[in-house]
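Dear colleague,

I am handing over the structure below, and my notes on strand pairing and the nonpolar cores follow it. Please read them alongside the coordinates.

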Amino acid sequence: MRPPALDDRCVDALRRAIAAADALGIDAAEARRVADDAETRLGFPGDRTVVALVGGTGVGKSTLLNALAGREVSTASARRPTTNAPVAWLPDGGDEDGLAEVLDWLDVPTSARVRGGDGAAGERPPTILDLPDLDSIEPGHRARVDELLPRVDAVVWVTDPEKYHDALLHDEVLARWLPRLGRQLVVVNKADRL
C-alpha cells in the first residue's frame, strides 16, 4: 500500500480540484464520491490489503481462489452464474485490525468470510475477494463489481483463452478500469487450452 502521507496528499489535491470545479459550476459529483470513498478507506485502522479477483463467467475465479487457499473457500461449479455475492478469504498471518470494518464497508456478508490457511507468519497477507461475474446473465452482478472496483486495493483480472477474445472484456471493462486502478494484474487461466 502507499504511504499514508501520499494518500492524504492525493485526497487533499482531489478535494481542492472539487472545490475549483464547484466554483466553476462543473459537476464534480463523481469526484466527490471518489474522495469520500478514499477518505473512508484510509480511515480504517490497520493496513491489510484487499485484492479482488474479477472476470467473466466460467474463467475460474473461484477455482483460482480455492487453489491459493489450498482448500474450498468459494463454490466452483459448471452452473452459471455461481458466485452471486463477494466471497472473502482471510488467510492466517498478520493482525485483523480494521479488516472486519473494511469488509463491512465493502458489503461482504459475514457468512461469506472464510478465515484461515496458508498465510505467511509475520507477514500481512492480502484478503482476497472472489467477485460475481462481469458478464453474468444477472445484471446486478456487473453493477456490484463496478461498485467494488474503486474500493479495493488491487485487482486481478482473471480471463481464459476464450474470454480473452471477448470484446466485452477489452472494450467495456478494461478500457474503463485500466486507467483508473493503480494495482492490477492479468491472469490467463486454463492456459493448458492454448
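How many bridges join strand β1 to β4, and do the two run parallel or antiparallel? There are 4 bridges between β1 (residues 50-55) and β4, and these strands run parallel; strands here are DSSP E runs of at least two residues, helices H or I runs of at least four, both numbered from the N terminus, and two strands pair if DSSP finds at least two bridges between them.

This is a predicted model, in which local features need pLDDT of at least 70 and side-chain atom pairs count only at pLDDT 80 or more, while totals for chains, interfaces and linings use all residues. Residues are numbered from 1 along each chain as its sequence is written, and side-chain values use heavy atoms, with hydrogens and water left out.

On the β1 side, Ala52 has Leu129 as its bridge partner in β4, whereas strand β2 (residues 87-90) is joined to β4 by 3 bridges and runs antiparallel to it, with Val87 partnered by Asp130. Thr127 and Leu129 point one way from β4, Ile128 and Asp130 the other, and all are buried (under 20% relative accessible area with a 1.4 Å probe, protein chains only; exposed is over 50%, partly exposed in between).

The largest nonpolar core (buried Ala, Val, Leu, Ile, Met, Phe, Trp, Tyr and Cys residues joined through side-chain atoms within 4.5 Å) has 24 residues, and Val54, Leu103 and Leu129 are among those with the most contacts inside it. Helix α4 gives the most to this core, with 4 residues. Apart from it lies another core, of 14 residues, including Ile128.

Best regards
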